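Open the model in a viewer and keep the sequence panel beside it. The tour starts with the whole chain and then moves to a single helix.

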Amino acid sequence: MRILDIIEKKKINQALTEEEIKFWIDGVCDESVADYQTSALLMTIFFNGMNEYETAILAEAMRNSGDIIDLSDIPGIKADKHSTGGVGDKTSLALCPMVASCGLRVAKMSGKGLGHTGGTLDKLESIEGFNIFLSEDDFKKQVNEIGLAIIGQTGDLVPADKKLYALRDVTATVDSTALIASSIMSKKLASGSDSILLDVKYGEGAFMHTVEDARELAKSMISIGNSLGKSTMAMITDMNQPLGNTIGNALEVKEAVETIQGRGPKDFTELCMCAGEIMLIQGNIASTKKEARKMLEESISSGRAYEKFIQMVKAQGGNIEQIKNTELLPKSKFITEIKSKKSGYINTIHSQKLGILAMQLGAGRASKEDEINYAVGLKLNVKKTEKICEGDSLCSVYHDESLSLDWIERLYSAFSYSDYMPEHTKIVEEILK
Ligand code: URA
């Protein structure tokens with residue numbers, strides 16, 4: 001077999017066979033296929049796509065390129081969830097303890113933030129001492145004992161994805177449905193859980209800009225998961241404004257803790273409830289959405305979800321005093337209120353602009369090497385469709401350095417107004433299986 005023939009075949013839009021896809025991925029890993037050949041093949045896939053079968057084989061070949069975690073010693077269904085990423089997305093922090101406190105075992109491996117804002121692990125690391133690097137044995141032990149662990153990738157999971165992603169990043173081939181779906185799913189498949197819930201976001205602050213594109217990606221990932229024996233479902237959710245009210249690591253931990261205590265923002269709470277319903281049904285803990293919702297509501301009102309979060313923080317070496325009293329989490333030197341210059345209904349809150357502004361405060365990384373400042377970020381004091389008057393607070397900025405006029409102007413430009421109440425959009429647009 002020759003890689004040149006495989007590139008040629010995809011170039012004329014013919015489907016690749018299992019042997020051809022495996023030959024390519026093996027060649028990526030042992031470096032017998034040159035980066036320029038893989039780059040060419042990635043570009044042909046970008047233009048011609050892959051069918052469901054090819055995409056599943058690609059994900060499987062990538063999964064098999066490294067370690068695969070075996071969670072079969074742990075009794076019951078082990079659940080995982082994945083979000084395609086968004087601004088203010090702290091869902092795992094609240095959702096995982098909620099469902100774990102209902103009896104589901106959650107074994108979650110997360111990544112550090114790829115984009116402008118911090119990822120789940122960065123948020124957890126804003127808790128003093130929180131250890132995201134557990135060994136595989138300790139990870140399993142914790143999932144077995146308390147039903148919940150959220151950690152960074154252990155071992156050598158999916159090395160093929162690291163190589164392909166690095167090439168996609170520099171060849172403008174990141175935004176291909178087949179390549180995104182196989183990249184995400186290969187990692188989910190390697191991390192060993194039985195059920196996977198995908199939160200596929202659409203909108204300005206997301207990878208996928210429209211509901212249609214998000215649906216296509218979700219369907220592709222569901223097909224991969226199901227064909228490889230994992231119960232896989234997806235939610236299509238709105239990222240046309242930040243999720244919840246906060247953007248920034250410690251601020252988001254505080255908001256997640258408030259949410260599992262029943263004091264969270266409406267959109268974020270609803271997202272966690274919908275996701276929790278699906279996860280509990282996938283895990284055979286509940287048989288209907290109604291039953292699942294009741295369990296989740298009780299997990300909050302009884303304090304069990306909060307207790308589960310504390311148990312996880314304690315098990316992973318974090319300072320639980322910062323969860324019991326979130327005022328002890330890292331604090332910025334300054335808090336500046338940004339007041340509205342106009343009156344009207346809030347029509348748009350540009351998530352991506354706010355994500356970049358938060359990153360410039362230090363809440364995210366512009367490049368992989370950047371250090372995160374856990375204390376800084378933004379807290380929205382308005383959400384889309386709310387009516388505000390001139391002089392009302394739009395948002396609070398948590399910062400350590402002084403704010404430049406240009407930064408403040410760009411912050412103002414993230415909000416647009418309307419004279420009429422804009423149409424209300426649902427946070428969960430649809431659920432797919
Ligand atoms: N996240 C991933 O893990 N892979 C992609 O290709 C895109 C987003």
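How much area does the protein expose, and what share of it do carbon and sulfur atoms supply? About 18,000 Å² is exposed, and carbon and sulfur supply 50% of it; areas are Shrake-Rupley values with a 1.4 Å probe, and for residues only the protein chains shown count as cover.

This is a predicted model: local features need pLDDT of at least 70, side-chain atom pairs count only at pLDDT 80 or more, and totals for chains, interfaces and linings use all residues. Residues are numbered from 1 along each chain as its sequence is written, and side-chain values use heavy atoms, with hydrogens and water left out.

Select everything. The C-alpha trace spans about 70 × 45 × 40 Å along its principal axes. Colour by secondary structure to find 17 helices and 13 strands (DSSP runs numbered from the N terminus: H or I of at least four residues for helices, E of at least two for strands). Colour by accessibility next: 58% of the 433 residues are buried, that is, under 20% relative accessible area with a 1.4 Å probe, protein chains only.

Now select residues 159-170, helix α8. Its end C-alpha atoms are 18 Å apart, which agrees with the 16 Å expected for 12 residues at 1.5 Å a residue (1.5 Å times one less than the number of residues). Show side chains for its buried residues: Pro159, Ala160, Asp161, Leu164, Leu167 and Arg168. Their cover includes α2 (18-30), α3 (35-48), α4 (52-63) and α9 (177-190).

Finally, select alanine 172, which follows α8 and has a positive phi, near 55 degrees.

How values were computed: Buried means under 20% relative accessible area, exposed over 50%, partly exposed in between (1.4 Å probe, protein chains only). Contact means heavy atoms within 4.5 Å.
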